Structures are given as structure tokens and as C-alpha cells.
Amino acid sequence: MITISQIKHFIKRFWPRPVVVAPRQIILSSLGAFTGLLFASLFSHWTLGEVNVWFIAPMGASAVLLFAASNSPLALPWSVIGGNFVSALTGLTVAHYIEQPVIGAALAAGLSVVLMFKLRCLHPPGGAIALTAVMGSHAAGMSGYHFAFVPVLLNSVSLTFVAILFNNLIGRRYPHTLSAAETLPKPVQMDVAISRQDLHEALMKGEFLDIDEEDLQQVLQQAENIALARQAGKMVIHQAASERKS
């Protein structure tokens, strides 16, 4: 039976904890989003010369990922460019064959998620672009795939170009992932348990990570348990080999 206490705890989950990020990173993220969107919009306007098609709203969501959560796999250059472009193509294709915009919009968003997963370019704003392509096609009578290239691809490339320059100029590694040829960090041997306060202070010293402190602590604890089990297994194998030799 559900108790009053359980209901209260459930309701409190809807109020999020403060985002663990240094004030400097907040200012830089805001400045980056402003710079990126300004450049992308002006460049698109200069290229196209049409006020009504040179910028689309989902780029605002892409800017949040590129400049506020640039270390996320969802913010990689291929994720932004590929995810937005593939979603636009998906939306336009669905709109061509599905006359009902409501059904078409839902189908386009669902298919774009599958394609983004398969193509390793998952990017949440892509779902919005798929909806925009479907609804815009029915409302404006668009035909062909011009929308996928202009403004979607043009906006995505422009915004990503600024993100690469800006993030690296302020000391962020972007793209965040390391190539196969680069040296990966070596495992750290620790004899002391890491507390949540330790994690809080560490997160405050770096750029924003899209993970809750509790989730991060659980991952560390699980990794520690796996490491201990691996070490115990090696000890058992070593002991069995010693016994066979003796």
C-alpha cells in the first residue's frame, strides 16, 4: 500500500536539484550560444537573402547542446549536422506520402529517432526539425528536399563551425571524444572512497556534465565493485595455478 511519505517523496522528485556548474561556465555557455546563433543567422541571411527561410527555431536547442553541454555525445559535430539533416530528409519524405499532418509528424519524429541511432548521430533537436519539415510542408505546400539543405544543413554547419572555434578557444576539448590514436587516461588506483561532496567539488571545477551527482556516484560504485570482482578472480586463478605447480 502506498503511504503518504512515499507520495511526498515522489512529488519532491519533480523539483530538480541545482545544476552543478561553475558560474564561469554558465557565462561562457551563454556567450557561446549568442555568438553561434548570431553568426549562423547572419551568414544564412547573407547567403540566402530571404528573411522567412534563413533560420529555423530548432537551432536554438542545438546551440544549448553545442555550447552548454559540448562534452555530450549528442553535441558532437556529426550528431548535430547528421542528426538535423537526416531528420529533415525524413520529415520531408514522410510529408510527401502522408497527407494527414498529425500522423505524418508523429511518424517522422519516430523514424528520425531510429535513423539517428543507426547512423550514430542522435541529436534531440532533430525530432523538432522532423516535425517542422512535416508541418511546414503541409502549411506552405513545400515540395522537394530544398528545406533539408537550406536552411537546415546550412544552419547546422554554420553553428557547428562556430562551436569548434569557440569551445577550443576557451579551453574546452571539442569534439570531446578522443580518436583511436590518442592516448586514453590511465586507470587511477585509489585506496580512499569518493564521497558525494568530492564529486560536487570536482564537477564545480570543470565544464558542465549532463549527469546527476547521485548517478555519477552510482556509476563509480558499480565500477569499483566490478574492479574488485576482477581482482578477486585474478587472485583465484593465480592461487589455482600455484596449487597445480606445487
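**View 1. H2 and H7 are oblique to each other.** This is a predicted model, with local features needing pLDDT of at least 70 and side-chain atom pairs counting only at pLDDT 80 or more, while totals for chains, interfaces and linings use all residues. Numbering starts from 1 along each chain as its sequence is written, and side-chain values use heavy atoms, leaving out hydrogens and water. The two axes (fitted to C-alpha atoms over the stretch in contact; N-to-C angles, 0 to 180 degrees) come within 9 Å and cross at roughly 140°. H2 and H7 therefore count as oblique (under 35 degrees is roughly parallel, over 145 roughly antiparallel, 65 to 115 roughly perpendicular, the rest oblique). On the H2 side, the residues in contact (heavy atoms within 4.5 Å) include Gly 32, Gly 36, Phe 39, Phe 43 and Thr 47. Facing them from H7 are, among others, Val 150, Leu 154, Ser 158, Phe 161 and Phe 166.

**View 2. H2 also packs against H3.** Here the packing angle is about 135° and the axes sit 9 Å apart, so this pair is oblique too. H2 brings Ser 29, Gly 32, Ala 33, Gly 36 and Leu 37 to the contact. H3 answers with Met 59, Gly 60, Ala 63, Phe 67 and Ala 68. Look out for Gly 32, Gly 36 and Leu 37: they turn up in the H7 contact as well.

**View 3. Helix H4 meets helix H5.** H4 covers residues 77–97 and H5 residues 101–118; their axes are 9 Å apart, at an angle of about 145°. From H4, the contact takes in Gly 83, Val 86, Ser 87, Thr 90, Gly 91 and Val 94. H5 supplies Gly 104, Leu 107, Ala 108, Leu 111, Ser 112, Leu 115 and Met 116.

**View 4. Phe 43 and Trp 46 make a tilted pair within one helix.** The whole structure holds 6 aromatic pairs (ring centres of Phe, Tyr or six-membered Trp within 6.5 Å; planes under 30 degrees apart are stacked, over 60 edge-to-face, the rest tilted). For Phe 43 and Trp 46, the numbers are 6.0 Å centre to centre and 40° between the planes. Both belong to H2 (residues 23–48), sitting 3 residues apart, or about one turn of the helix. Phe 43 is partly exposed because its relative accessibility is 31%, whereas Trp 46, at 68%, is exposed (under 20% is buried, over 50% exposed, in between partly exposed; 1.4 Å probe, protein chains only). Ring pairs also tie these two into a cluster with Phe 39 and Phe 161.

**View 5. Phe 67 and Phe 166 meet edge-to-face.** Their centres are 5.8 Å apart and the planes open to 75°. This pair links distant parts of the chain, 99 residues apart: Phe 67 comes from H3 (residues 58–68), Phe 166 from H7 (residues 146–169). Phe 67 has a relative accessible area of 0%, so it is buried. Phe 166 counts as buried as well, at 12%. Each ring's residue also touches H2: Phe 67 is part of the H2–H3 contact, and Phe 166 is part of the H2–H7 one.

**View 6. Stepping back, the chain has 9 helices and 0 strands.** These elements are DSSP runs numbered from the N terminus (helices are H or I, at least four residues; strands are E, at least two). Of the 246 residues, 32% are buried. Among contacts with a separation of 6 or more, 74% join residues 24 or more positions apart.
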